[in-house]
Structures are given as C-alpha cells and as structure tokens.
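Me: Please go through the structure below with me, one point at a time. Give the cut-offs as the terms come up.

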Amino acid sequence: MSTIITVATTGPIATKADNPNLPTQPHEIAAAVKDAYDAGASVAHLHFRDENDKPTADLAIARRTIDLIRDQCPILIQVSTGVGLSVPFDEREALVELRPEMATLNPCSMSFGVGEFLNPPSGVERLARRMQELGIRPELEIYDTGHLDAALRLRDQGLLDERLQFSIVLGVRGGMAATPENLQLMARRLPQDCVWQIIAIGRENLRLTAIGLALGGNARAGMEDTLYSKKGELAASSAQLVTRAVTLVDALDGAVASVAEARQRLIGDATR
Ligand code: KMH
Ligand code: ZN
C-alpha cells in the first residue's frame, strides 16, 4: 500500500525569528504547499496566521489561504482546529464551517511547552458531532495513551465514523516523549484497520518518521514539526522535508500516494 505524505508548513508555535523560511501569510503558505505537493505531499495540514504572524482562526484569512492553494494544486486540505494556544476553542471549532475535506480533532487538554492546550470534553464532543454532520473527516491527534482512550470513547458514543485516522504526536513537552519505545507502544494500541502517522516534534523527527514508516504508518513532514533539515542546518522549506520523507519511502521500497489514492483511503470518495 502506498504511503500518504502530509505536509505541515506552519504550525502554531514557530516564528520567522526561529527560521526565516517559515511561511506565515496566505500567499506564502500557498506557495509552500504547492512546492510540497510537487515534491510528493498529498495532504496539506493548515494553520493560519494574521498580519502580525500570530495564530488565528479568522475565517477570511483561512478562506483566502485555502482558495490560493486550490488555485495552484489539487492537494487534500486538512485544517487544524488546534490553531494556536492563545485562540479560544469556540473560534477554533468554527473553522470547520469552511468545510475542508479533513480537520484535526484533539481529544484532550494538556500542558503544551510553557502553555496550555485546551480541549474541554464538551467542546470536543460538539466539534466531533459537527464534523460528522458536515462529513468532514477528523484526524485524531493523540499525545498520550489516555488521548487514544478518549478518542475511542468518542467512537463508542457514535461521534466518529470508521475508519479512524490518527496522528501519534510525540515530543511535545506535556505529552509523551519522542522515543522509539513510545511510538511502538502507541502504534500497538491503535485499533485494527485505522490509518495513522507519526508526528515527531523536534530533533527526533527524522528517526521516528523512519520508524513509523517501517511500522506501516504514513508520514508527515514540514516546518510545523521540525525547523531543521539536518543537525544545525535550518530547513530551506517544507518541500525539502517532504523530499526527505520521499527518500525514506523509496529506501524502504515503498511508493508515495497520489492525491487520488490518498483521497480514496482517507475520505473514501474519489470524486468530491
Ligand atoms: N503542532 C501540534 C503538535 C493541531 O494541529 O490540531 C499541535 C497542533 C494540533 O498543531
Ligand atoms: Zn498542527
């Protein structure tokens, strides 16, 4: 089965001071996504920034960014409802009203670096229900074993449709550390027949992405997860990191999924 590569160009935390190549404005994000698509990505995970480069759930900015991407390439759109630590949950959840093909669903609150990532149970249930009503596929972001249990409870409540889609997120301070043991533990606990990928934040990004691929997962690549292409070398672009993931897939004798293949596997609808 081919490997789906998701590009995450921007994220909620990093700034241009951390890496001047980080895209923040709509035209910059759209150009970065197009380059990543050309490099092999079939899904774009999107965070938006306002004119001061702060994380935002502003619907006009989000719409403009998505339109610019859709003008340039057919990549699948996955909107982050995580948005940023300072953005209230009710603003974050409104992003699904733009009806992207996919959106993230973070099932639990947690410490997140020096901040807090708030996902109250009532809000998570409401968002899951709204995504189900709109036919938007959730990607469940799980940072700890209890988050997986919370996601499975949502499924048991009938708020998530099969087949479940998970990101195992390791390396956030407040979640599980980015170690091979933690990845193996989490991957083993996933339900049969789900779709999954590892999101390895920080310096273990490459090594854990490789292990995730070897375990049968998909890959995520981009400057949301690491600002470096090598030790001490800032990444030039998310496309460069996608190319690195493609190299790993090739080395493991795999094939990279096209948008059509990714759509079929993630959404189950080849035409939408
Ligand atoms: N950067 C991730 C660790 C989401 O997109 O839904 C957290 C996040 C969540 O950005
Ligand atoms: Zn994100």
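Reply: Helices (H or I, at least four residues) and strands (E, at least two) are DSSP runs, numbered from the N terminus. The model is predicted, so local features need pLDDT of at least 70 and side-chain atom pairs count only at pLDDT 80 or more, while totals for chains, interfaces and linings use all residues. Residues are numbered from 1 along each chain as its sequence is written, chains are lettered from A and ligands numbered from 1 in the order in which they are written, and side-chain values use heavy atoms, with hydrogens and water left out.

Me: Where does Leu-215 lie, and how many Å separate its C-alpha from that of Gln-184?
Reply: Leu-215 is in the loop between helix H7 (205–214) and S12. With 40% relative accessibility it counts as partly exposed, because buried is under 20%, exposed is over 50% and partly exposed is in between (1.4 Å probe, protein chains only). Leu-215 and Gln-184 are 31 residues apart in sequence, and their C-alpha separation in space is 8.2 Å.

Me: Which residues come nearest to ligand 1?
Reply: Ligand 1 sits in the largest pocket. A pocket is an open set of points on a 1 Å grid over the protein atoms alone, where a 1.4 Å probe fits, with protein on both sides within 12 Å along at least five of seven lines; a molecule sits in it if more than half of its atoms lie within 2 Å of its grid points. There are 13 residues around the ligand, where being near takes a heavy atom within 4 Å. The nearest are His-47, Ser-80, Thr-104, Asn-106 and Glu-224.

Me: How many residues of the shell around ligand 1 are charged?
Reply: Ala, Val, Leu, Ile, Met, Phe, Trp, Tyr, Cys and Pro count as nonpolar, Asp, Glu, Lys and Arg as charged, and the others, Gly among them, as polar. On that basis the shell has 5 nonpolar and 6 polar residues, and the number of charged ones is 2.

Me: How far in Å is the side-chain N or O atom of Thr-104 from an oxygen atom of ligand 1, and what percentage of the ligand's accessible area does the protein cover?
Reply: A polar contact is a pair of N or O atoms within 3.5 Å. A polar side-chain atom of His-47 is 3.1 Å from a ligand oxygen, and a backbone N or O atom of Gly-82 is 3.4 Å from one. For the side chain of Thr-104, the distance to a ligand oxygen is 2.7 Å. Of the 300 Å² of accessible area that ligand 1 has on its own (Shrake-Rupley method, 1.4 Å probe), the protein covers 97%.

Me: What is the C-alpha separation of Glu-141 and Thr-104?
Reply: Glu-141 is in strand S9 (residues 137–142). Glu-141 counts as buried because its relative accessibility is 6%. Along the chain, Glu-141 and Thr-104 are 37 residues apart, and their C-alpha atoms are separated by 6.8 Å.

Me: Which residue's backbone nitrogen lies 3.1 Å from a polar atom of the side chain of Thr-226?
Reply: Thr-226 is placed in the loop between strand S12 (218–221) and strand S13 (228–230). Thr-226 counts as buried, because its relative accessibility is 7%. The backbone nitrogen at 3.1 Å from its side chain is that of Tyr-228.

Me: Is Val-83 buried or exposed?
Reply: Val-83 is not a glycine, but has a positive phi of about 60 degrees. This residue is found in the loop between strand S5 (76–79) and helix H3 (89–93). Its relative accessible area is 3%, so Val-83 is buried.

Me: What is the relative accessible area of Asp-53?
Reply: Asp-53 has a positive phi, near 70 degrees, in a residue other than glycine. Asp-53 is in the loop between strand S3 (48–49) and strand S4 (55–56). It is partly exposed because its relative accessible area is 24%.

Me: What is the distance between the C-alpha atoms of Val-43 and Ala-257?
Reply: Val-43 belongs to strand S2 (residues 43–46). Val-43 counts as buried, because its relative accessibility is 1%. The two residues are 214 residues apart along the chain, and their C-alpha atoms are separated by 10.0 Å.

Me: Where is Arg-163 found?
Reply: The peptide bond from Glu-162 to Arg-163 is cis, with omega near 0 degrees. Arg-163 is in the loop between helix H5 (145–156) and strand S10 (165–170).

Me: Which residue with positive phi follows H9?
Reply: Helix H9 covers residues 259–266, and its buried residues include Val-259, Ala-262 and Leu-266. With phi near 75 degrees, the residue that follows H9 is Gly-268.

Definitions and conventions: Polar contact = N/O pair within 3.5 Å; in protein donor to acceptor, adjacent residues only side chain to side chain. 1 Å grid on protein atoms, 1.4 Å probe; cavity = no way out; pocket = protein on both sides within 12 Å on 5 of 7 lines; lining within 4 Å.
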